[in-house]
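Me: Please take a close look at the side-chain contacts in this structure, first the charged ones and then the aromatic ones. For each contact, I should like to know how far the residues involved are covered by the rest of the protein.

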Amino acid sequence: MRDLMAPRYWRSLVHLAWMCLFSSVPHGGAKVLERTFEEWMRYRDECLRRMASEPYPAGLFCNRTFDMYACWPDGSPGTAVNVSCPFYLPWFEKVKHGLVSRRCGVDGQWVTVNGSQPWRDYSQCEEEMESTMEEEGARRLMVSFKVLYTVGYSLSLLTLVSALLVLTVFRKLHCTRNYIHANLFASFGLRATSVMVKDALLERRWGMEVVQVADWQALLSHEAALGCRAAQVLMQYCILANHYWFLVEAVYLYKLLIGAVFSEKNYYRLYLYLGWGTPVVFVVPWMAAKYLKENAECWALNENMAYWWIIRIPILLASLINLLIFMRILKVILAKLRANQKGYADYKLRLAKATLTLIPLFGIHEVVFIFATDEQTTGILRYVKVFFTLFLNSFQGFLVAVLYCFANKEVKSEMKKKWQLWKLDHPALCCTQ
């Protein structure tokens, strides 16, 4: 059975599918692998039926066989047997006129390599070298992207957990504003966790040794993908939660700037419903559509984009509302700075600082990329979009935690006070001049 994995195209398909799912980039590699295996099963069954129905020749001959790659008829001793390239190859249209050959020895036995592996010449059935090199280049690029976002999510998760501990431990930091920040940090942390868990499950799944047909069936079964699908659902939920906690941040800050009088306790309950409850409204229908209509692989592929719009529309809506609030906040800040400015340079610097602070907080960069959909981008433009999307998404949690916790004057002041108190309580452990 080991010969099933001998041709290079099996390894190429596994690598392509593996990177497709790891990078979360719609590429179709895993779907190609699944369809190829289904076609291989059909080719094998047709071959076995044909071998069982045809009569055997008289005299010495090499027995008809299916060697896991092609279907071979009976061969005459001392001759080469040629058959058409198998139709299950993904690139069959390019090699449909090609032939694969085996040699029948004078002793009536098929020629083998190393005494066990069947010898065959399938050079006419291989994919073109240019296509293979292009796929290898794409695979290496996806590996680089995976390293990039793994570092980003890991750094973000570490920073976010630290920020959550700071906001939780220091009681003087307990207020509605910081509660909102903590929920935003939590949504980013869950998102990073779901991505890394999904990657670990996929690495374990696609890294398994495949030597028999049963291994392929197990690899491509729905049961094998359950854990990955659960991580995919959690990831989509967290992405939506990110956007709606961004929206909560925007609404809260806008109310503070315009001086609105409101009950923070009552509004905080509404903020919780908006941030954590709204994503459920859209993720549940998306799960149902995937399960009923596209229940394949890790639910990462989108053959029918109508189902993907169940997730995309609320993200687009939240991003557009954030953009409008962002512009309104800038207008309010501009008016306040003009009324209190001491100098043009100082005014310009403060406005730039406020703008740069608000951009990562509200996720306005999402608006730029949300219109450049995967269906509309190809070639270099697609890779540029993938790079910036993965880079910003993976490092955004780190940036938000730093800006709104560790760089916050209130937090730094409280941490400094705690440090001074700790030094007073533990003088023996502190260095003295």
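Reply: A residue is called buried when its relative accessible area is under 20%, exposed when that area is over 50%, and partly exposed in between. Lys-290 has a relative accessible area of 0%, so this lysine is buried. The model is a predicted one, and the description that follows should be read accordingly.

The side chain of Lys-290 meets that of Glu-294 in a salt bridge, with 2.8 Å from N to O. Glu-294 has a relative accessible area of 10% and therefore also counts as buried.

The structure holds 9 salt bridges, and another of them joins Asp-67 to Arg-120, where the closest N and O atoms are 3.0 Å apart. This pair connects distant parts of the chain: Asp-67 belongs to the loop between strand E1 (65–66) and strand E2 (71–72), Arg-120 to the loop between strand E6 (117–118) and helix H4 (129–169), and 53 residues separate them. Asp-67 is buried at 8% relative accessibility, and Arg-120 is buried at 10%.

A salt bridge within a helix is found between Glu-39 and Arg-42, again with 2.8 Å from N to O. The two residues are 3 apart in helix H2 (residues 29–53), which means that about one helical turn separates them. Their surroundings can be read from the accessibilities: Glu-39 is partly exposed at 28%, and Arg-42 is partly exposed at 40%. Both residues also belong to a network of salt bridges that includes Glu-46.

Charged groups meet aromatic rings as well. The charged end of Arg-64 sits over the ring of Tyr-56, 3.8 Å from the ring centre, while that of Arg-103 sits over the ring of Trp-119 at 4.6 Å from its centre.

Turning to the rings themselves, a search of the whole structure finds 19 aromatic pairs. One of these is formed by Tyr-179 and Tyr-268, a tilted pair with 5.7 Å between the centres and 50 degrees between the planes. The contact links distant parts of the chain, since Tyr-179 lies in helix H5 (residues 176–206) and Tyr-268 in helix H8 (residues 264–293), 89 residues apart. Tyr-179 has a relative accessibility of 34% and so is partly exposed.

Helix H5 also contributes Phe-188, whose ring centre is 5.6 Å from that of Phe-246; the planes meet at 70 degrees, so this pair is edge-to-face. Phe-246 lies in helix H7 (residues 226–257), 58 residues from Phe-188, and the pair again links distant parts of the chain. Phe-188 is buried at 3% relative accessible area, and Phe-246 is buried at 2%. Elsewhere, ring pairs join Trp-40, Tyr-43, Phe-66, Phe-87 and Tyr-88 into a cluster.

Other aromatic side chains lie at the surface. Phe-387, Phe-388 and Phe-391, together with Ile-380 and Val-384, make a nonpolar surface patch of about 450 Å². Phe-388 lies in helix H12 (residues 379–406) and is partly exposed, with a relative accessible area of 37%.

Finally, the record offers some context. In an unreviewed entry, UniProt lists several spans as "transmembrane region", among them residues 270–289, 309–330 and 384–407. In the model, residues 270–289 are 100% helix, with their end C-alpha atoms 29 Å apart. Residues 309–330 are likewise 100% helix, and their end C-alpha atoms lie 30 Å apart.

Terms used. Residues numbered from 1 in each chain as written. Predicted model: local features only at pLDDT ≥ 70, side-chain atom pairs only at ≥ 80, totals over all residues. Heavy atoms only, no water. Patch = residues over 30% accessible without salt bridge, like charges linked within 9 Å, V, L, I, M, F, W, Y side chains within 5 Å. Areas by Shrake-Rupley, 256 points an atom, 1.4 Å probe, with all protein chains shown as cover. Salt bridge = Lys/Arg side-chain N within 4 Å of Asp/Glu carboxyl O. Helix = DSSP H or I, 4+ residues; strand = E, 2+ residues; numbered from the N terminus. Buried < 20%, exposed > 50% of the residue type's maximum accessible area, 1.4 Å probe, protein only. Phe/Tyr/Trp six-rings, centres within 6.5 Å; stacked < 30°, edge-to-face > 60°. Lys NZ or Arg CZ within 6 Å of the ring centre and 35° of its normal. UniProt positions renumbered as here; feature names shortened; annotations may be inferred.
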